[in-house]
Every structure is written in C-alpha cells, then in structure tokens.
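Notebook open, coffee at hand. I want to go through rings, charges and strands, one entry at a time.

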Amino acid sequence: MSSSAAEQDMSKLKNIVIVGASSAGQQLANYLTPNLPSSHRIILVDALDYAFWPIASLRAAVVPGWEKRITVPLTQETVFPKNTNHRLVVPNKVVELKENSIVLEKVFEGSKEIPFFKCILSTGAQQPSPMRPPADSTKQAYHDTLIKTQGEIKQANKIVIIGGGAVGLEIAGEIRANYPDKSITIVHSSSHVLHPQASAPDPKGKAHSYSSPPTLPKLSITLEKILADSKIDLILNDKVDIPAEQTTPEDWSGSFGLQDGVKNVKLASGKVLEADYVFVSIGNKPNVGLVQQTDEKALISGMVGVDEHLRVISENSESPLTKNYYAIGDCCSTPGWKTYMGADYDAKGCSVNIINEIKGKALKKYVRPSLAAMMIPLGPEKGSGTLTFPVVGTWQVPGAMVRAAKGGNLLLDQLFYPRFKGEKKVTAGM
C-alpha cells in the first residue's frame, strides 16, 4: 500500500488521543491496546521523546551511573506492539485543545490538527530539575543535568534542604548513604516531617496546590528517628527566608544548587545556617497549563476537575472540555496521594469507560481503590513506610519491607521497564 493510501486508510479510524506519556498516560494506552475495536486507534502524544522515572531521579542526582537507568526511549517500537494502527507522536507538543480535536506544534500525518473520538489528559506534574527534566530537555541534556548535580553534591560540604516532605527526606537519605561526613540539614515548616496533618481546604476551592491525605503520624516519628541516627539535622516549625537578591557576599542569594562558597541561610525564626549547597523540595504542581488557557473554570484546587467517571467538568456551561475529555493521574482532581499506584488506578478506571463509550454502554462510576502505599526510602538500606488497606486502615511497615520493595532498585525492574509493551524490549541504559 502506498504512503498516501495508508494515510487515507488511517483517516477512517476514530482516534483516542492521550496527551502525555506519563505513568498514567502510558498505562492507559497499555490497558486500551488489547481491548480497542479495529475501528479505533490510540494516538499517544508527548513533548519528549523519552520517558523518565521520577521515583529514582533523586538517586540519579547523587549516584553516578544512575542517570542512564532512569530514562527509556519513547519510540513506536518500545511503546506499541508490531503491526498496529496505534501511533506514538513524539517529540511533539499539544498547543491547543478544541472540542473535537487537538492542535499540535508539528505536523502529524499531513496536519497539525488531530480529530478525536475521545481525548484523555494525562499531563502529570511539574517539578524543578533534577526531579523531572527541564522543559524541552533532550535525554542527553537531562543526563548532563543529573551528572552536574552529582558533581556539585560531591563537592559540597554543608547542605541545606528546604522542605521535609518525601523528596526532601529521600534526597537527604541518598546523600548520606554515599557521603557519611557531609553536614546535612533539613528545614521543614510543620511540626513533623511529611504531612501528618491534613491541609486546610481553600475557602474558594481554587488553591493552586495539592491537598494530599495526611500521612500516618507514626511514620513521621520513625523517619525522624532514622534521620537522627543518620546524623541528619532536622529543624521543624521553621522556614527558610528565600531572598530575591544577595544583600552581602556572605549571605545566600536565593539561588539553588552549589554556592560560590559558604553562605548564611536565614530562617524565619532568626536562626542562621551555613550552606554551600541548597536543595529545594517544596512540592510539585499539576501540569495544567493547556486546560488553564482553554477554560480556567475547569480547574479545581489547581487540578483538572473530573466527575465520578473521570470526565472533565467545568463551571463554564460552554466549555469545550466537558463533552469528550477525560483527565487522569497527577494533573486531575481524583482524591488520594499522587503516586504511581494512584495513576495506575486512574488509567485502569478510565480505560473501562473509554471502551464503554465506544460500545455505547453506560459509564462505570470510578472509585479509586483504598489500597495504597507510602514508601520512603532513605537511601538503599534505610527507610519506612505505610500500607493502607480496605476496612482495616493504615499500618506502618518495617524498614526491611521498604528496602525489599523499593529501596534497592527503586522499582525500575518491577514497574518502569515493564511499562513498555512494545516489540522492542526495554532495558537499563538504552
């Protein structure tokens, strides 16, 4: 068949467009692939031509060689089975959302506009490097960023970490596991690490931040003991004053990363810390820019609002997003922790309703399963975590379980590499 004939044949197919090859987006493609009728195909779009594994990015920022383990090429061969109508469109950005189509930055199959039967937004979250690649970063550029961070941390002697959430704790643990003599101090604004108290709801319901469930208080206390045993200093109920500019050569300028010498880092309490490296870990933000520019009233608490079927909802009755759009994963308002497990639950629930829509069946109400895990490794050998079970609630798990389940290889072999279902087998260092 000629190229033009093939394109014409493809044009007869109904598209299921997935925006974002995130954990949620790629898992949705995996769930849909064996179940879609031949009349439909998946179009998976991502701005990058590689996937990365945020769960292991902090180790990759400290340990040389790990930068190559946490990225995998996004190609037709790694993502989809052989001889399929499904298409991976990378690297390409979605620049506009319309009611029945998306507009791309670059041409695909002769046009920048792709019509769809349904579109699923799985654009994930934004975090500063090294947790996630900078925007438009190539795989090599991201590797270079991680290698640069490795070198700077090796050079530093007095490290201050802003934020005692999961990221701040894990980077502290990784640094201590590899550098036993460096000074490490974590500054956290709450009375305990993590978030054992629920955040107060925003009165207008429009706060641009996550509102995660509270973590188990016992977990915070256990982790604080591990930090103390590891000689990692912890300052609670205090905040770092982040200056807009440098006032004296001795004071910290507000820049993150390696400093040009030891600087004075001032806290709200009046305390002053010395640091030649400053790491910021004050959370991530949903990647909702496309929705914001299309219909800001489709955002709830800074996330894409979805109903009980994972369909996008809006206060705007004329919204172009409420008829044919779904949203899943970190970018959407499904309750619960924004974790890989949660993203996978969303993807599975969404796949059921996409298939139901194709078959003209009633949609199934999505209720995220209550089984959830919160594992916090502090390097490959230490850490603690919790498991939440239906009915019986949340229980703390021993450090040995965290080491076995996550700490050693940070789930690369269990979850990341197996996510790729294409004809080409995915391995570390591709």
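Before anything else, the burial cut-off I use: a residue is buried under 20% relative accessible area, exposed over 50%, and partly exposed in between. I also note that this is a predicted model.

**Entry 1: a salt bridge beside a helix**

I started with Arg368. Is it buried or exposed? Its relative accessibility is 15%, and buried means under 20%, so Arg368 counts as buried. Its salt-bridge partner is Asp346, with the closest N and O atoms 3.0 Å apart. Arg368 sits in the loop between helix H9 (340–359) and strand S20 (372–377), while Asp346 is in helix H9 itself, so the contact ties together parts 22 residues apart in sequence. I looked up Asp346 as well: it is buried, at 0% relative accessible area.

**Entry 2: the other salt bridges I checked**

How many salt bridges are there? The count comes to 15. I picked out two further ones.

Glu174 and Arg59 meet through their side chains at 3.0 Å, N to O. Glu174 belongs to helix H6 (residues 166–178) and Arg59 to helix H3, so this bridge ties together parts 115 residues apart in sequence. Both ends are buried: Glu174 has 3% relative accessibility, and Arg59 has 4%.

Lys158 and Glu274 form another salt bridge, and here the closest N and O atoms are 2.5 Å apart. This pair links strand S11 (residues 158–162), where Lys158 lies, with strand S15 (residues 272–280), where Glu274 lies, across 116 residues. I found Lys158 partly exposed at 29%, and Glu274 partly exposed at 43%.

**Entry 3: charges over a ring**

Arg59 came up again when I looked at Trp66. The charged end of Arg59 sits over the ring of Trp66, 5.1 Å from its centre. The charged end of Arg69 also sits over the Trp66 ring, 4.0 Å from the centre. I put Arg59 down twice, then: once for its salt bridge with Glu174, once for its place over Trp66.

**Entry 4: aromatic pairs**

I searched the whole structure for aromatic pairs and got 7. To describe such a pair I need the distance of the centres and the angle of the planes.

Why do I call Trp53 and Phe416 stacked? Their ring centres are 5.1 Å apart and their planes are at 20 degrees; planes under 30 degrees apart count as stacked, so the label fits. Trp53 is in the loop between strand S3 (50–52) and helix H3 (57–60), and Phe416 is in helix H11 (residues 412–416), so far along the chain that 363 residues separate them.

Phe416 has a second ring partner in Tyr417, and this pair is tilted, with 5.7 Å centre to centre and 40 degrees between the planes. I checked burial for these three residues: Trp53 is buried at 1%, Phe416 at 0% and Tyr417 at 9%. Ring pairs join Trp53, Tyr340, Phe416, Tyr417 and Phe420 into a cluster.

**Entry 5: a three-strand sheet**

Next I followed an open sheet of 3 strands, in the order S6-S7-S8 with antiparallel pairing. Which strands stand at the edges? They are strand S6 (94–97) and strand S8 (111–115); each has a single partner strand, so one side of each lacks a neighbour in the sheet. On average, neighbouring strands here are turned by 25 degrees against each other, direction ignored.

I went into the S6 pairing for detail. S6 runs antiparallel to strand S7 (residues 101–108), and 3 bridges join them. Glu96 has Val103 as its bridge partner in S7.

**Entry 6: strand S20 and its hairpin**

Last, I looked at S20. Of its 6 residues, 6 are buried, so the strand is largely enclosed by the rest of the structure. In a regular strand the side chains alternate between the two faces of the sheet. Both faces of S20 are covered: one side has the buried residues Ala372, Met374 and Ile376, and the other has Ala373, Met375 and Pro377, buried too.

S20 is joined by 6 bridges to strand S21 (residues 383–389), running antiparallel. Ile376 finds its bridge partner in Ser384 of S21. The two strands, S20 and S21, make a hairpin with 5 residues between them, and Gly379 in the turn has a positive phi of about 85 degrees.

How values were computed:
Residues are numbered from 1 along each chain as its sequence is written. This is a predicted model: local features need pLDDT of at least 70, side-chain atom pairs count only at pLDDT 80 or more; totals for chains, interfaces and linings use all residues. Side-chain values use heavy atoms; hydrogens and water are left out. Rings of Phe, Tyr and Trp (its six-membered ring) pair if their centres lie within 6.5 Å; planes under 30 degrees apart count as stacked, over 60 as edge-to-face and the rest as tilted. Helices (H or I, at least four residues) and strands (E, at least two) are DSSP runs, numbered from the N terminus. Buried means under 20% relative accessible area, exposed over 50%, partly exposed in between (1.4 Å probe, protein chains only). A charge sits over a ring if NZ of Lys or CZ of Arg is within 6 Å of the ring centre and within 35 degrees of the ring normal. A salt bridge is a side-chain nitrogen of Lys or Arg within 4 Å of a carboxyl oxygen of Asp or Glu. Two strands pair if DSSP finds at least two bridges between them. Axes are lines fitted to C-alpha atoms, for helices over the stretch in contact, and angles run from 0 to 180 degrees between N-to-C directions.
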